[in-house]
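Student: I should like to learn how to read a structural model feature by feature. Could we work through one together?

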Amino acid sequence: MAKKSMIAREIKRKKLIQKYHTERKKIKSKLSNKLNFIEQIELQKELQKLPKNSTPCRRRNRCWKTGRSRGFYKDFGLSRHVLREMSHNCLLPGVIKASW
């Protein structure tokens, strides 16, 4: 089980990403247009004023059951430990243990 503070931090990041999504998108669309160098610097400064945790790349995938960030399977939203337990208990439809 992950620490409660880490899970809370991820929830806070998720909210910040949603809050500043449109503002960040507007600034980036202006940046993609061909502008002179001074305007680009001003737009970059505007981007830097936004909170660091509002960037989508700072978000970390976590298991919805345990909060574990390592060994995360995107298809299920589970960590490898929970995925193994649930598949052995036949709680995941379509998942079978491989044997060869």
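**Reading the model: Ser79 first**

Tutor: Leaving out residues up to four places away in sequence, Ser79 touches Cys63, Thr66, Arg68, Arg70, Gly71, Phe72 and Tyr73. Please keep in mind that this is a predicted model.

Student: Where does Ser79 lie, and is Ser79 buried or exposed?

Tutor: Ser79 belongs to strand S2, which covers residues 78-79. Its relative accessible area is 0%, so Ser79 is buried.

Student: Let us turn to the overall layout. Which domains does the assignment give for the protein chain?

Tutor: The assignment gives domain 1 (1-60) and domain 2 (62-99). Taken over C-alpha atoms, the centres of domain 1 and domain 2 are separated by 31 Å.

Student: How should one read the interface of domain 1 and domain 2, and how much area do they bury between them?

Tutor: The general idea comes first. The size of an interface is often expressed as the accessible area lost when the parts come together. Here, domain 1 and domain 2 bury about 510 Å² between them, and 52% of that area is on carbon and sulfur atoms. Of the area that domain 1 buries against domain 2, Met1, Ala2 and Arg60 supply 71%, more than any other three residues.

Student: How many residues of each domain are in contact with the other?

Tutor: Six residues of domain 1 are in contact with seven residues of domain 2.

Student: What does the rule find across this interface in the way of salt bridges and polar contacts?

Tutor: Across the interface of domain 1 and domain 2 there are zero salt bridges. One residue pair is in polar contact there, with both residues at pLDDT 80 or more. On the side of domain 1 that touches domain 2, the residues divide into four nonpolar, no polar and two charged.

Student: Ala2 was named among the contributors to the buried area. Where is Ala2 found, and which residues is Ala2 in contact with?

Tutor: Ala2 is found in the segment before H1. Apart from neighbours within four places in sequence, Ala2 is in contact with Ile7, Arg62, Thr66, Gly67 and Arg68. Ala2 has a relative accessible area of 17%, and therefore counts as buried, the cut-off being under 20%. As a distance to compare with the sequence, Ala2 and Tyr73 are 71 residues apart along the chain and 16 Å apart in space, C-alpha to C-alpha.

Student: How does one read a salt bridge, and how many does the structure hold?

Tutor: In general, side chains of opposite charge can pair when their charged atoms come close. This structure holds one salt bridge. The side chains of Glu10 and Arg13 form it, at 3.0 Å from N to O.

Student: Where do Glu10 and Arg13 lie relative to each other?

Tutor: Both Glu10 and Arg13 lie in helix H1, three residues apart, which is about one turn of the helix. Helix H1 itself spans residues 4-19.

Student: Are Glu10 and Arg13 buried or exposed?

Tutor: Glu10 has 10% relative accessibility and so counts as buried. Arg13, at 14% relative accessibility, also counts as buried. Beyond its neighbours within four places in sequence, Arg13 is in contact with Asn53 and Arg58.

Student: I should now like to consider backbone angles. What is the phi of Cys90?

Tutor: As background, most residues other than glycine have a negative phi. Phi of Cys90, however, is near 60°, a positive value in a residue other than glycine. Cys90 is placed in the segment after H4. With a relative accessible area of 68%, Cys90 is exposed.

Student: Where is Leu92, and which residues does Leu92 touch?

Tutor: Leu92 is in the segment after helix H4 (80-88). Not counting residues up to four places away in sequence, Leu92 touches Phe76, Leu78, Leu83, Met86 and Ser87. The relative accessible area of Leu92 is 12%, so Leu92 is buried. Between the C-alpha atoms of Leu92 and Gly71 there are 17 Å in space, with their positions 21 residues apart in sequence.

Student: Is Ile96 buried or exposed?

Tutor: Ile96 counts as exposed because its relative accessibility is 76%. Ile96 is placed in the segment after H4. The C-alpha atoms of Ile96 and Gln44 are separated by 50 Å, and the two residues are 52 residues apart along the chain.

Definitions and conventions. Residues numbered from 1 in each chain as written. Predicted model: local features only at pLDDT ≥ 70, side-chain atom pairs only at ≥ 80, totals over all residues. Heavy atoms only, no water. Domains from an automatic or database assignment. Contact = heavy atoms within 4.5 Å. Buried area = accessible area lost by both parts, 1.4 Å probe. Salt bridge = Lys/Arg side-chain N within 4 Å of Asp/Glu carboxyl O. Polar contact = N/O pair within 3.5 Å; in protein donor to acceptor, adjacent residues only side chain to side chain. Nonpolar A, V, L, I, M, F, W, Y, C, P; charged D, E, K, R; others polar. Helix = DSSP H or I, 4+ residues; strand = E, 2+ residues; numbered from the N terminus. Buried < 20%, exposed > 50% of the residue type's maximum accessible area, 1.4 Å probe, protein only.
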